[in-house]
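Work through the exercises below with the coordinates open. Try each task before reading its solution.

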Amino acid sequence: MNYCFFFFQTYMAPWLSIFGDFTKDASAMYNNFRVYGTGLLCVMGLIVYLGVKFVNKFATVALACVIFSIIAVYAGIFNNIDGNDKLFMCVLGKRLLRDIAVDNCTKEVGGPLYNTFCEGGECDPYFTEHNVSLVRGIKGLKSGVFFDNIFPSFLQVKTFAVQNPGVIKAKTFPLGTRGLFQYCFSNIFQHTSLMATFVYISLPPGIMAGSNRSGDLADAQKSIPIGTIGAILTTSTVYLSCVMLFAGTVDNLLLRDKFGQSIGGKLVVANMAWPNQWVILIGSFLSTLGAGLQSLTGAPRLLQAIARDGIIPFLEPFAVSSKRGEPTRALILTLLICQSGILLGNVDLLAPLLSMFFLMCYGFVNLACAVQTLLRTPNWRPRFKFYHWSLSLIGLTLCMSIMFMTSWYFALIAMGMAVLIYKYIEYRGAEKEWGDGIRGIALSAARYSLLRLEEGPPHTKNWRPQILMLAKLNDDYTPKYRKLFSLVSQLKAGKGLVVVVSLIQGDFTKRAGEAAAAKQSLRKLMEDEKVKGFCDVMVASNVADGLSHVVQTIGLGGMKPNTVILGWPYGWRQSEDDRTWHVFLQTVRNVSAARMALLVPKGINFFPTSQDKISGNIDIWWIVHDGGLLMLLPFLLKQHRSWKNCKMRIFTVAQMEDNSIQIKKDLKMFLYHLRIEAEVEVVEM
């Protein structure tokens with residue numbers, strides 16, 4: 001909006017200024033922006049509120065004017081191939097002067113320049129030593145000025161605007177020099193070769209307009225590729241050709257005058273256009289107005305689509321449409337955001353950050369295309385066939401490089417804001433899952449890791465218990481021993497693999513619903529006890545056979561459980577059904593045949609919960625040499641806060657004829673090599 005009104009006030013109706021002469025006071029210009037920009041925003045908001053059809057009708061008229069203006073520019077450049085006398089600049093020596101009429105560009109005593117640079121008969125040394133001259137601003141393609149403008153010659157901020165600064169070094173102005181305000185100074189905030197790119201990036205955001213309004217297109221899959229590529233080619237051709245043609249037509253000094261102060265604030269391109277400058281003025285105004293309308297049309301719809309998808313929870317109120325199907329609430333929010341930018345006044349303060357967001361948008365689009373192609377996801381089926389993932393990576397690299405080379409701190413701010421938004425969506429986002437490239441990368445990494453684990457058996461140093469927990473269910477399909485989950489959580493401390501499996505006897509086709517309900521109960525209990533892992537429920541006609549199948553087939557590749565935790569069969573003595581102890585013994589045999597470790601905690605109801613803190617001793621009766629598993633389990637338990645204050649005591653049994661002292665010494669040495677601290681006791685029998 002500010003750009004639109006800036007153009008209107010500066011070049012079409014400067015007499016509308018209500019805060020004084022804006023050419024001499026920048027604050028007056030910014031205040032005009034705030035007042036008139038607010039009114040213009042209200043008018044444009046009303047036009048968009050009337051509906052997208054009305055905007056499209058206006059866009060057709062605006063497009064015709066813009067095309068005619070572009071043709072007028074090209075025609076004017078070649079029509080003025082020898083230049084014209086519409087714009088003259090007053091130059092003192094090599095320094096460009098501002099606000100000097102052609103008739104007053106003289107050192108005549110008593111003239112405006114003499115009165116500015118001389119006081120009490122004493123004149124500024126630079127004014128005395130150099131002559132003033134009139135330099136034609138539009139020199140034409142035949143003048144050869146192209147070769148003066150094509151090579152880089154940048155100025156530092158607040159230095160004199162001079163001719164050929166690459167040859168004549170621009171000296172920083174000394175404070176207190178007479179007539180200082182009469183000079184033109186370099187005032188563009190970034191004086192590097194990337195400035196042209198920086199300005200260019202902010203010009204063609206309309207190439208994404210088709211994607212932003214995809215819901216209003218009859219055939220988005222066909223229209224978006226054609227429209228986007230056409231927009232890129234058209235805008236790039238027009239902008240880049242104009243840059244080259246202007247470099248061959250306009251004088252070096254005039255190109256450095258950002259606000260046209262040396263030519264009375266006139267628009268250079270309008271004075272070289274054919275047949276009349278008003279063709280350019282009207283066309284440029286409609287172009288900026290059309291760009292604003294397109295943004296006000298696309299942004300609310302994009303915001304509404306995000307709100308409807310439930311990606312960001314606090315945006316849900318903006319998912320509502322009016323009776324005519326217009327995103328009224330989203331439009332109001334967009335207008336408020338635009339108004340905040342208008343109240344800022346100086347758009348140069350906001351432009352760098354906005355350009356960073358445009359670059360990030362283009363970069364992330366390239367990144368998404370490259371990732372989807374490299375992962376070969378089945379749903380990635382682009383209709384545009386002339387594409388290779390390397391092009392997307394090149395585009396991403398260029399976007400990121402330009403961001404940091406242009407302004408590294410604005411780049412970091414923009415990327416930090418993007419990361420915060422992404423983390424918010426990740427942790428507070430909606431339940432809907434649309435899939436993303438990061439999930440695809442995770443799946444590819446998991447596949448790669450699983451294949452690597454298959455290359456050989458794990459080394460002893462890397463061994464850790466990967467637990468398969470066989471959970472018994474109550475009649476209501478809830479886990480019977482809750483503290484068994486607490487023990488698993490304490491034993492794993494969030495590390496390694498945990499798989500919880502329960503079994504229901506019966507026919508799967510008839511009890512599939514009950515199995516799903518039981519799985520939900522398992523999942524909820526795992527979340528409550530903070531058990532990181534997976535759960536499932538199997539339906540089998542025979543419990544013993546079902547558990548045998550689980551032990552044999554559980555896991556994937558190298559991520560197979562190596563330890564089974566099984567509840568103690570408390571009711572086997574009271575039960576008249578011998579299947580109670582038969583299933584338990586059969587499971588023990590299956591686990592042994594699978595060469596897996598087996599843990600059967602007895603008295604599980606007396607074990608501490610994950611919220612408890614206990615102290616005392618953990619006693620280990622080491623009867624059979626098992627390679628150190630019995631030593632490892634209490635060590636892992638002590639890593640959890642519930643068991644942290646406990647001490648380890650290891651008891652071993654010796655016969656009367658054994659050397660108890662040597663056994664104790666050997667056991668201590670064994671613990672020393674395992675780097676486990678524990679008390680050792682030998683019990684003689």
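**Exercise 1. A helix pair**

At what angle do helix H14 (residues 351-375) and helix H15 (residues 389-406) pack, and how many Å apart are their axes? Classify the pair and describe the contact.

Solution. The model is predicted.
- Step 1: H14 and H15 pack at about 155°, and their axes are 8 Å apart.
- Step 2: An angle over 145 degrees counts as roughly antiparallel, so H14 is roughly antiparallel to H15.
- Step 3: The crossing of H14 past H15 is left-handed.
- Step 4: On the H14 side, the contact residues include Met356, Leu359, Met360, Tyr362 and Gly363. On the H15 side, they include Trp389, Ser392, Leu393, Gly395 and Leu396.
- Step 5: By class, the contact of H14 with H15 has 15 nonpolar residues, six polar and no charged.

**Exercise 2. A second helix pair**

Which residues of helix H18 meet which residues of H22? Give the geometry first.

Solution.
- Step 1: H18 spans residues 482-492, and its axis comes within 6 Å of the H22 axis.
- Step 2: The two axes cross at roughly 90°. Angles of 65 to 115 degrees count as roughly perpendicular, so H18 is roughly perpendicular to H22.
- Step 3: Leu487, Gln490 and Leu491 of H18 meet Leu633, Leu636 and Leu637 of H22.
- Step 4: This contact of H18 with H22 holds five nonpolar residues, one polar and no charged.

**Exercise 3. The sheet and its helices**

What is the strand order of the open sheet of three strands, and is the pairing parallel or antiparallel? Then place the helices that lie across the sheet.

Solution.
- Step 1: The order is E11-E12-E13, with parallel pairing.
- Step 2: Find the edges. Strand E11 (615-622) and strand E13 (679-684) each pair on one side only.
- Step 3: Look at the twist. Neighbouring strands of this sheet are turned by 25° against each other on average, ignoring direction.
- Step 4: Follow one pair. E11 and strand E12 (residues 645-654) run parallel and are joined by eight bridges. Glycine 616 has cysteine 646 in E12 as its bridge partner.
- Step 5: Add helix H22 (residues 629-638). H22 lies across E11 and E12, at about 165° to E11.
- Step 6: Add helix H23 (residues 660-674). H23 lies across E11, E12 and E13, at about 150° to E13.

**Exercise 4. Two loop residues**

Are glutamine 261 and serine 262 buried or exposed? Locate both and list what serine 262 touches.

Solution.
- Step 1: Glutamine 261 sits in the loop between helix H10 (252-256) and helix H11 (268-272). Serine 262 is in the loop between H10 and H11.
- Step 2: Buried means under 20% relative accessible area. Glutamine 261 has 16%, so it is buried. Serine 262 has 3%, so it is buried.
- Step 3: Check the reach in sequence. Glutamine 261 and isoleucine 100 are 161 residues apart in sequence, yet their C-alpha atoms are 9.0 Å apart in space.
- Step 4: Leaving out residues up to four places away in sequence, serine 262 touches Phe88, Met89, Leu96, Leu97, Arg98, Cys184, Leu254 and Asp257.

**Exercise 5. The whole chain**

How many helices and strands does the chain have? Add the burial and the contact range.

Solution.
- Step 1: The chain has 23 helices and 13 strands.
- Step 2: Of its 685 residues, 39% count as buried.
- Step 3: Take contacts between residues at least 6 apart in sequence. Of these contacts, 75% join residues at least 24 apart.

Note on methods
Residues are numbered from 1 along each chain as its sequence is written. This is a predicted model: local features need pLDDT of at least 70, side-chain atom pairs count only at pLDDT 80 or more; totals for chains, interfaces and linings use all residues. Side-chain values use heavy atoms; hydrogens and water are left out. Axes are lines fitted to C-alpha atoms, for helices over the stretch in contact, and angles run from 0 to 180 degrees between N-to-C directions. Helices (H or I, at least four residues) and strands (E, at least two) are DSSP runs, numbered from the N terminus. Angles under 35 degrees count as roughly parallel, over 145 as roughly antiparallel, 65 to 115 as roughly perpendicular and the rest as oblique. A crossing is left-handed if the near helix is turned anticlockwise from the far one by less than a right angle, and right-handed if clockwise. Contact means heavy atoms within 4.5 Å. Ala, Val, Leu, Ile, Met, Phe, Trp, Tyr, Cys and Pro count as nonpolar, Asp, Glu, Lys and Arg as charged, and the others, Gly among them, as polar. Buried means under 20% relative accessible area, exposed over 50%, partly exposed in between (1.4 Å probe, protein chains only). Two strands pair if DSSP finds at least two bridges between them.
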